[in-house]
Amino acid sequence: MEHIELFFKSIFIDNMVFATFLGMCSYLAVSKKVATAVGLGAAVIFVLAVTVPLNWLLDQYILKDGALVWLGPEYADYDLSFLSFIMFIATIATMVQLVEIIVEKFSPSLYNSLGIFLPLIAVNCAILGGSLFMQSREIPSLGLALTYGVGSGIGWFLAILAIAAIREKIRYSSVPPALRGLGITFIITGLMAIGFMSFGGMLTGGDEEAKPAAAPEVVIEKVQEKVEKEVIAKNTKRIQ
Amino acid sequence: MGLLSKRDAALLTDPLADNNPITIQVLGICSALAITAELKASIVMAVSVLFVLGLGNVVISLMRNIIPSKIRIIVQLIVVATLVIIVDLVLKAFAYELSKTLSVFVGLIITNCIIMGRFEAFALGNGPWRAFLDGIGNAVGYGVILIAVGFFRELLGSGTLLGFKVLGDPIEKTGLYAIGYENNGFMLLSPMALIVVGILIWIQRSRNTSLIEEN
């Protein structure tokens, strides 16, 4: 059950592109045609599914506070978490190279369709972001880390597929000249993100349960606090 | 500018407008948008990128003759990651609250496409001083957009700038709020960042029509 929940949550509610803006660079650059978008999207799913569980293991057994305890009790106070950026990115870069070599060896046809995108992916924020969010959200088990990786990959895939399809169509409409190309893509993405926000109530059934996500939510909480204060202030005034 | 030759000065000024990394080159948007709900976070992010890009460009440029081209991506990533760890630790030590707000987005400077883009396109082929200028120019160009977006989102979204209530107090109903102005809470939500950047692009391209793309 928690697998299914995390899976849908990472696809829709915490969608990489629309909720956290990860992987925007390649999302904007490679979304001119549906066919290439599908290739890149598939490569992202694949690499996320490999790197997130791998980095989970690294985090759990090497980087976390006290993670080295398996080496012996004298290692219990070591906290290597400041190294996580460098370890994660090194893992990702090597995995991407490795995946590229393996795919080239065993499936030349897959390599031809995915291959050109693989080097691009090492520097895709979505991949590193997947690992960093996995760490900051404290995903409890290896299986869930895999689910999270695949789910966020599929979310990213959906996003790039949707925008590529829209951009193919929009070529036939008359966009104001200054907005053509990049400008209108930004605005469409913004509108799509607004649409994706409506998935927020999908799992909680409309509860106002705070999502453990990035900066925007923090701000929203602040605003809610402010509004509450406002209401209290109003009421106290009235009573007086 | 006595200190800089014309060519060097162009390295600094070009990325500010006509070759802006965000609005023209479409790089580095990933981390740019998520943290612009507050002006303070935008400024900190801009300064962090300035530090990483300026220094990273110099380091890569100094090493450009000894990096084997096959593994250059990994070398570049390691250099950026080291610099970003420094930024992250400094933020955690001196501005803990802010580093919580920025959360993973400090780490994501590593994969900020501007940084890799400048390393690949400039630092690998130029000397350290020019690479430094190029890094500073691009980071400032990035920062300008970030701060502009942060400015509008915080001003319209919560009526404050850097936490100061510039539009009056919404509780006490002073300033603009006295005549019925309300904050647009929607500006604080993430989709508006995209739309604000879209509008900035629109304004820039209407002023300089040579930048308009053919679909």
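Q: A salt bridge is a side-chain nitrogen of Lys or Arg within 4 Å of a carboxyl oxygen of Asp or Glu. With that in hand, how many salt bridges does the structure hold over all chains?

A: The structure holds four of them over all chains. This is a predicted model, in which local features need pLDDT of at least 70 and side-chain atom pairs count only at pLDDT 80 or more, while totals for chains, interfaces and linings use all residues. Residues are numbered from 1 along each chain as its sequence is written, chains are lettered from A and ligands numbered from 1 in the order in which they are written, and side-chain values use heavy atoms, with hydrogens and water left out.

Q: What makes Asp14(A) and Arg137(A) a salt bridge?

A: Their closest N and O atoms are 3.4 Å apart, and that value falls within the cut-off, so the pair qualifies. The two ends sit in distant parts of the chain, 123 residues apart: Asp14(A) is in the loop between helix H1 (2-13) and helix H2 (16-20), and Arg137(A) is in the loop between helix H8 (125-136) and helix H9 (142-170), all of chain A. Both residues are buried.

Q: Why is Asp134(B) called buried?

A: Asp134(B) has a relative accessibility of 2%, and buried means under 20% relative accessible area (exposed is over 50%, partly exposed in between; 1.4 Å probe, protein chains only), so the label follows. The side chain of Asp134(B) meets that of Arg118(B) in a salt bridge of 3.0 Å, N to O. Because Asp134(B) lies in helix H7 of chain B and Arg118(B) in helix H6 of chain B, the pair ties together parts 16 residues apart in sequence. Arg118(B), at 13%, is buried too. Elsewhere, salt bridges with shared partners join Lys9(A), Asp14(A) and Arg137(A) into one network.

Q: Are Lys92(B) and Asp88(B) buried or partly exposed?

A: They fall into separate classes: Lys92(B), at 42%, counts as partly exposed, whereas Asp88(B), at 12%, is buried. Their side chains nevertheless meet in a salt bridge of 3.3 Å, N to O. Both lie in helix H4 of chain B, four residues apart, which is about one turn of the helix.

Q: How do you know which secondary structure chain A has?

A: Helices (H or I, at least four residues) and strands (E, at least two) are DSSP runs, numbered from the N terminus. By that rule chain A comes to 11 helices and zero strands. Buried residues make up 47% of its 240 residues.

Q: What is Glu154(B) in contact with, leaving aside its neighbours within four places in sequence?

A: Contact means heavy atoms within 4.5 Å. On that basis the partners of Glu154(B) include Ala37(B), Glu38(B), Lys40(B), Thr160(B) and Gly163(B). Glu154(B) belongs to helix H7 (residues 128-158) of chain B. With a relative accessible area of 4%, Glu154(B) is buried.

Q: What makes the nonpolar surface patch?

A: Patch members have over 30% relative accessible area and no salt bridge, with like charges joined within 9 Å and nonpolar side chains (Val, Leu, Ile, Met, Phe, Trp, Tyr) within 5 Å. Leu57(A), at 34%, is partly exposed and passes that threshold. The other members are Leu54(A), Tyr61(A), Trp70(A), Leu71(A) and Leu142(A), and the patch covers about 560 Å². Helix H4 (residues 34-63) of chain A gives the largest share, three residues, and Leu57(A) is placed in that helix.

Q: How do you know the area buried between chain B and chain A?

A: The size of an interface is often given as the accessible area lost when the parts come together. Buried area is the accessible area (1.4 Å probe) that two parts lose on being put together, summed over both. Here the value is about 4700 Å², of which carbon and sulfur atoms give 80%. In all, 52 residues of chain B are in contact with 54 residues of chain A. The rule finds zero salt bridges across this interface. Helices H2 (29-34), H4 (72-94), H6 (113-121) and H8 (190-207) of chain B each give two or more residues to the side that touches chain A. H8(B) gives the most, with 11 residues.

Terms used
Areas by Shrake-Rupley, 256 points an atom, 1.4 Å probe, with all protein chains shown as cover.
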